[in-house]
Amino acid sequence: MLGSIGMTMLILACALPTYNLWWPIFVVLFYILCPFPTLIAKRIESDDPARAASAMFATIGIVMSSFALPIVLARAEVIQWGACLLTLAGNVGAYATILAYYFGFESGDSNMW
């Protein structure tokens with residue numbers, strides 16, 4: 001439910017006649033890239049303690065970038081601040097969905113975290 005609300009906010013940030021610019025839709029690339037560092041780190045069969053930290057660092061960098069992109073675009077006056085706020089609200093919804101998915105379907109036999 002939160003994912004659909006987040007995507008609705010994102011599409012509203014792009015498609016409302018007041019804003020009518022599709023630059024904020026690029027945060028969808030960050031939504032797609034977000035789970036990859038964790039998935040790759042879980043697939044690697046090694047006892048390296050730094051792999052979990054590296055995966056978390058990369059994931060946090062991707063998440064921070066998705067929040068920073070609309071702010072930078074609004075500061076550069078490429079998009080309006082209302083579109084920026086709608087995009088940030090959509091980010092919260094999308095990442096809450098991804099976080100709920102990981103906590104809901106995390107297997108108990110994983111020793112990564």
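Start by selecting C34: this cysteine counts as buried, at 5% relative accessibility. Keep in mind that you're looking at a predicted model.

Next, pick C14. This one is buried too, and its relative accessible area is 0%. So what about disulfides: how many does a search of the whole structure find? The count is 0. To see why C14 has no bond, draw a distance from its sulfur to the closest cysteine sulfur, which sits in C84: you should get 12 Å, too far for a bond, given that a disulfide needs the two sulfurs within 2.5 Å. Now go back to C34, which is in no disulfide either; its nearest cysteine sulfur is again in C84, 19 Å away.

C84 has come up twice, so select it and show its surroundings. Skipping neighbours within four places in sequence, C84 is in contact with P70, I71, A74 and I79.

Now widen the selection to the largest nonpolar core. Which residues make it up? There are 9: A13, Y19, L73, A74, I79, A83, C84, L86 and L88. Colour by helix and you'll find that the elements giving two or more residues to this core are α4 (50–75) and α5 (81–105). The largest share comes from α5, with 4 residues.

Last stop: a second, separate core of 7 residues, including V27, C34, A94 and Y95. That brings you back to the starting cysteine, C34, buried at 5% relative accessibility. As background for both stops, nonpolar side chains tend to be buried together in soluble globular proteins.

Methods:
Residues are numbered from 1 along each chain as its sequence is written. This is a predicted model: local features need pLDDT of at least 70, side-chain atom pairs count only at pLDDT 80 or more; totals for chains, interfaces and linings use all residues. Side-chain values use heavy atoms; hydrogens and water are left out. Buried means under 20% relative accessible area, exposed over 50%, partly exposed in between (1.4 Å probe, protein chains only). A nonpolar core is a set of buried Ala, Val, Leu, Ile, Met, Phe, Trp, Tyr and Cys residues joined through side-chain atoms within 4.5 Å. Contact means heavy atoms within 4.5 Å.
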